[in-house]
Amino acid sequence: MFKNQIVRLAGVSFRDAQPNIRQFGCAAIGTYALIREPDNPHDANAIQVSLGGVWFVGYVPSWLAKILAPMMDAGRTFIAEFVAGMKRPAESW
């Protein structure tokens with residue numbers, strides 16, 4: 001039903017995202033967890049991207065989180081994977 005979306009992460013300057021990206025930002029890692037943060041004070045649709053639910057690497061961009069958040073709240077799950085050499089985000093859904 002959904003096609004793959006290639007996007008740049010948002011919020012990579014928060015918390016420990018930069019060291020985690022340097023350590024875990026590679027295709028060999030496999031997949032990353034998408035974790036809803038409905039109580040996030042900055043964005044009620046916030047979706048965190050992390051490795052194993054432990055190592056924070058950023059957030060799903062707000063335009064995409066707005067689409068995915070209601071589906072996740074209804075029980076759907078999504079995953080992310082690292083894509084190297086991205087020039088710019090694809091923003092069509």
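Are Phe 56 and Tyr 59 buried or exposed? In this predicted model, both residues are buried, and they make a good starting point for a walk through the aromatic side chains. A search of the whole structure finds one aromatic pair. That pair is formed by Phe 56 and Tyr 59 in an edge-to-face arrangement, with 5.2 Å from centre to centre and 65° between the planes. Phe 56 also has a charged neighbour: the charged end of Arg 15 sits over the ring of Phe 56, at 4.1 Å from the ring centre.

Tyr 59 leads on to a pocket. The second largest pocket has a volume of about 220 Å³, and its lining comprises 13 residues. Nearest the centre of this pocket lie Phe 14, Asn 40, Asp 43, Ala 46 and Tyr 59. Sorted by class, the lining contains eight nonpolar residues, four polar ones and one charged residue.

Ala 46, named above among the residues nearest the pocket centre, brings the description to another arginine. Arg 36 belongs to strand E1, which covers residues 31–36. Arg 36 counts as buried because its relative accessibility is 16%, and the cut-off for buried is under 20%. Two backbone oxygens are worth a look here. The backbone oxygen of Ala 46 lies 2.9 Å from a polar atom of the Arg 36 side chain, while for the backbone oxygen of Asn 45 the distance to a polar atom of that side chain is 3.4 Å.

Definitions and conventions. Residues are numbered from 1 along each chain as its sequence is written. This is a predicted model: local features need pLDDT of at least 70, side-chain atom pairs count only at pLDDT 80 or more; totals for chains, interfaces and linings use all residues. Side-chain values use heavy atoms; hydrogens and water are left out. On a 1 Å grid over the protein atoms alone, a cavity is a set of points where a 1.4 Å probe fits but cannot get out, and a pocket is an open set with protein on both sides within 12 Å along at least five of seven lines; lining residues have an atom within 4 Å of a point. Grid points are joined across faces, edges and corners, and a volume is the space filled by probe spheres set on the points. Ala, Val, Leu, Ile, Met, Phe, Trp, Tyr, Cys and Pro count as nonpolar, Asp, Glu, Lys and Arg as charged, and the others, Gly among them, as polar. Rings of Phe, Tyr and Trp (its six-membered ring) pair if their centres lie within 6.5 Å; planes under 30 degrees apart count as stacked, over 60 as edge-to-face and the rest as tilted. Buried means under 20% relative accessible area, exposed over 50%, partly exposed in between (1.4 Å probe, protein chains only). A charge sits over a ring if NZ of Lys or CZ of Arg is within 6 Å of the ring centre and within 35 degrees of the ring normal. Helices (H or I, at least four residues) and strands (E, at least two) are DSSP runs, numbered from the N terminus. A polar contact is a pair of N or O atoms within 3.5 Å; within protein, one must be able to donate a hydrogen and the other to accept it, and residues adjacent in sequence count only if both atoms are side-chain atoms.
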